[in-house]
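Colleague: I'm new to this one, and I'd like to know what stands behind the words people use for it. Can we go through it together?

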Amino acid sequence: MKKFNQSLVVGAMLASLTPIIASAATTAITNVKVYTSTEQGVLDSATVVIEDGHIIAVNAKQSNDSAVIADNIIDAKGSVLTPGFIGSMNYLGLVEIGQEKITRDVNAKDADISFDPSLAFNPKSSAIAFARKGGISRNIVVPGGGESIFSGQAIEVELTGHWDSVVATEKAVLVQLGAVHEGSRIIGMQ
């Protein structure tokens with residue numbers, strides 16, 4: 001459980017530093033335990049170099065931290081770093097406050113097969129910052145409205161908080177299948 005908590009701490013730390021990392025020319029995260037999700041496996045005391053918001057190098061254990069040249073150097077002190085998670089099939093960025101109709105862009109009555117939620121996606125939503133702190137770096141956003149069986153199209157977004165964070169549109173078409181009925185079916189069987 002302690003290692004899991006350390007992972008969450010590094011994830012939250014990196015999420016809070018996202019604006020700094022994205023705006024700085026180069027950032028190096030040193031002394032970090034990296035789970036690569038490749039054949040390299042786990043790298044202890046590694047260094048991750050980020051340039052303009054993109055990882056450009058993951059270096060195995062280095063004996064001398066002073067060899068790292070970057071605009072910002074962050075010592076992770078042995079904490080865990082993992083790839084970002086992908087959230088799926090939710091309204092993230094389309095709903096800010098569920099009880100306030102003006103902030104819900106998810107349920108358009110006239111939505112059909114061509115409904116594109118990327119036009120209403122809000123990358124500055126406070127819910128995106130919470131998801132990013134939880135380690136989610138990408139998301140599949142789906143609409144939930146429409147009076148036909150088609151609710152619209154799914155989109156893929158990065159949770160960077162930047163205005164250009166929509167990665168792809170027309171990823172899938174959402175279809176609502178099933179019968180609509182009032183109350184319980186048991187009531188009519190007396």
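Modeller: Sure, what follows is a run through the chain, its strands and a few single residues.

Colleague: Before we start, what kind of model is this?

Modeller: This is a predicted model, so treat every value here as computed from a prediction.

Colleague: Okay, how many helices and strands does the chain have?

Modeller: The chain has three helices and nine strands. Going from the N terminus, the elements run α-α-β-β-β-β-β-β-α-β-β-β.

Colleague: And what share of the chain is buried?

Modeller: Buried residues make up 34% of the 190 residues. A residue is put in that class because its relative accessible area is under 20%. As for surface, the chain exposes about 11900 Å², with carbon and sulfur atoms supplying 56% of it.

Colleague: What share of the contacts join residues at least 24 apart in sequence?

Modeller: That's 60%, counted among contacts between residues at least 6 apart in sequence.

Colleague: On to the strands. What makes β1 and β2 a pair?

Modeller: Two strands pair if there are at least two bridges between them. Strand β1 (residues 26–35) and strand β2 (residues 42–51) are joined by seven bridges, so they qualify as a pair. They run antiparallel, and one of the matches puts Val32 with Ala46 of β2 as its bridge partner.

Colleague: Which residue has a positive phi in the hairpin of β1 and β2?

Modeller: Ser37 does, with phi near 60°. That hairpin has six residues between the strands.

Colleague: How do you know that β2 also pairs with β3?

Modeller: Same test: at least two bridges are needed, and β2 shares five with strand β3 (residues 54–59), so the two count as paired. The sense is antiparallel, and Thr47 stands opposite Asn59 in β3. The hairpin of β2 and β3 has two residues between the strands, and Asp52 takes a positive phi near 50° there.

Colleague: What is the strand order in the open sheet of four strands?

Modeller: The order is β6-β7-β8-β9, and the pairing is mixed. The edges are β6 (85–90) and β9 (166–175). From one strand to the next, the twist averages 20°.

Colleague: Why are β6 and β9 called edge strands?

Modeller: Each of β6 and β9 pairs on one side only.

Colleague: What makes the pairing in that sheet mixed?

Modeller: The sheet has mixed pairing, and two of its pairs show both senses. β6 and strand β7 (residues 136–141) run parallel, joined by four bridges. β7 and strand β8 (residues 150–158) pair in the antiparallel sense, over four bridges.

Colleague: Which residues stand opposite each other there?

Modeller: Phe85 stands opposite Ile136 in β7, and Ile86 is opposite Arg138 in β7. In β8, Val157 is the bridge partner of Asn139.

Colleague: Which residues make the nonpolar surface patch?

Modeller: Ile113, Ile149, Val173, Val175 and Leu177 make a patch of about 450 Å².

Colleague: Why can Ile113 belong to a patch?

Modeller: A patch residue needs over 30% relative accessible area. Ile113 has 42%, so it clears that cut-off. Ile113 is found in the loop between β6 and α3 (126–133).

Colleague: Then why is Ala120 called partly exposed?

Modeller: Partly exposed covers the range between under 20%, which is buried, and over 50%, which is exposed. Ala120 has 25% relative accessibility, so it falls in that range. Ala120 is also in the loop between β6 and α3. Ala120 and Val95 are 25 residues apart in sequence and 9.6 Å apart in space, C-alpha to C-alpha.

Colleague: What about Asn31: what is its phi?

Modeller: Phi of Asn31 is near 55°, a positive value in a residue other than glycine. Asn31 lies in strand β1. With 26% relative accessibility, Asn31 is over the buried limit and so counts as partly exposed.

Colleague: Last one: how do you know that Glu170 is in the class it's in, buried or exposed?

Modeller: Its relative accessible area is 61%. The exposed class starts over 50%, so Glu170 is exposed. Glu170 sits in strand β9, and its phi is near 55°, again a positive value in a residue other than glycine.

Definitions and conventions. Residues numbered from 1 in each chain as written. Predicted model: local features only at pLDDT ≥ 70, side-chain atom pairs only at ≥ 80, totals over all residues. Heavy atoms only, no water. Axes fitted to C-alpha atoms, helices over the stretch in contact; angles between N-to-C directions. Patch = residues over 30% accessible without salt bridge, like charges linked within 9 Å, V, L, I, M, F, W, Y side chains within 5 Å. Areas by Shrake-Rupley, 256 points an atom, 1.4 Å probe, with all protein chains shown as cover. Salt bridge = Lys/Arg side-chain N within 4 Å of Asp/Glu carboxyl O. Buried < 20%, exposed > 50% of the residue type's maximum accessible area, 1.4 Å probe, protein only. Contact = heavy atoms within 4.5 Å.
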